[in-house]
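Here is a short report for a first look at a protein model. Keep the structure in view while reading.

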Amino acid sequence: ADIFLTVEKAAKWVAAEIASVIKEKQKLGKKCVLGLATGATPLSVYSELIRLHQEEALSFQNVITFNLDEYYPMLKSSAQSYNHYMNDVLFHHIDIPKNQIHVPDGEVSKITITGYCKEYENRIDSCGGLDLQILGIGRTGHIGFNEPGSQLDSKTRLIMLDSLTRRDAAKDFNGLNNVPKAAITMGVGTIFKAKRVILMAWGEGKAAIVKKALEESQCDAVPASYLQRHADVKFVLDVPAASEL
Ligand code: GLP
């Protein structure tokens, strides 16, 4: 793990890594495929990417993005949707072509959802796979919305949310009763296929789960622990999140 003195410094480092993958691909005339995360954790990374776009002319023309997850059911126009979040905190501020953006659709009908998830998975593969996946971590040990019980080979699918995850989300939904019970998420296996993975965690609230993910044996009770066996993974932490290591 890399431990930074402030979230700002950590976020700048992560954004610089993302920018360097984008530029490397640009030089080769290739597309750069990024896996993106939501929640509070990556906000400072997205602000820094917007700054790099505005002040240092970083272009996202060659970037294809796939987001990890979306609540289900969820209207895209809803303030709590990850579709809305991504437009608001990143996509509206950069020059990424609209047709290169993919966020799971919380509006798909229940009967078509299995096919929809399969298509999402296939689309990632047909773009050549994820060059870099960024992740946060939930207090249940989830990555994306892969709650405890998610298997190493799991793919994009509908999943029921853990009660702790729903309680943590209650503040965004004005109460627990309004938090959706399910979500569409890339699987652990989907995330694993990424060539490179960066997991970020800030604050003492994440210290216990970061310790489990990094130091305890791999098991589906803590899906993030499976990252220990990825060939190119880095945990980027601030001091409080690293305090139990
Ligand atoms: C959310 C997201 C995850 C995120 C995690 C932590 O519910 N589905 O992708 O990493 O939970 O959220 P936060 O960054 O707000 O702590």
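The report covers the sheets, one central strand, the cores, one residue and the ligand shell.

## Basis of the model

This is a predicted model, in which local features need pLDDT of at least 70, side-chain atom pairs count only at pLDDT 80 or more, and totals for chains, interfaces and linings use all residues. Residues are numbered from 1 along each chain as its sequence is written.

## The open sheet

Helices (H or I, at least four residues) and strands (E, at least two) are DSSP runs, numbered from the N terminus. Two strands pair if DSSP finds at least two bridges between them.

An open sheet is formed by 7 strands, and their pairing is parallel. The order is 1-10-9-6-2-3-5. Strand 1 (2–4) and strand 5 (101–102) are the edge strands, each pairing on one side only.

## Strand 2 and its neighbours

Is strand 2 buried or exposed? A residue is buried if 20 or more other C-beta atoms lie within 10 Å of its own, exposed if 12 or fewer, and partly exposed in between; C-beta atoms are placed from the backbone. Strand 2 (residues 32–36) has 5 of its 5 residues buried. In a regular strand, side chains alternate between the two faces of the sheet. Here both faces are covered: Cys-32, Leu-34 and Leu-36 lie on one side, Val-33 and Gly-35 on the other.

Strand 2 runs parallel to strand 3 (residues 63–67), joined by 5 bridges. Leu-36 has Asn-67 as its bridge partner in strand 3. Between these strands the chain passes through helix 2 (residues 43–56), a right-handed β-α-β crossover (with the strands pointing away from the viewer, the path from the first strand over the helix to the second runs clockwise). Strand 2 also runs parallel to strand 6 (residues 132–135), with 2 bridges. Leu-34 pairs with Leu-132 there, and Gly-35 stands opposite Gln-133.

## Antiparallel pairs

Strand 8 (residues 182–185) pairs with strand 4 (residues 69–72) in the antiparallel sense, over 4 bridges. Glu-70 has Ile-184 as its partner. Strand 7 (residues 157–160) is also antiparallel to strand 8, again with 4 bridges. Met-160 is matched with Ala-182.

## Two nonpolar cores

A nonpolar core is a set of buried Ala, Val, Leu, Ile, Met, Phe, Trp, Tyr and Cys residues joined through C-beta atoms within 7 Å. The largest has 60 residues. Among those with the most contacts inside it are Val-14, Ile-134 and Ile-137. Helix 1 (residues 7–27) gives the most to this core, with 7 residues. A second, separate core has 10 residues, including Cys-117 and Phe-145.

## Ala-201

Ala-201 is found in strand 9 (residues 197–201). Why does Ala-201 count as buried? Because 24 other C-beta atoms lie within 10 Å of Ala-201.

Contact means C-beta atoms, placed from the backbone, within 7 Å. Not counting residues up to four places away in sequence, Ala-201 touches Thr-41, Gly-136, Ile-137, Lys-206, Val-210, Leu-237 and Ala-241. By the same count, Ile-137 touches residues including Ile-143, Leu-199 and Ala-224.

## Around the ligand

The ligand is surrounded by 13 residues (each with its C-beta atom, placed from the backbone, within 6 Å). The closest are Gly-39, Ala-40, Thr-41, Gly-136 and Gly-138. The shell divides into 5 nonpolar, 7 polar and 1 charged. Ala, Val, Leu, Ile, Met, Phe, Trp, Tyr, Cys and Pro count as nonpolar, Asp, Glu, Lys and Arg as charged, and the others, Gly among them, as polar.

Conventions. Contact = placed C-beta atoms within 7 Å.
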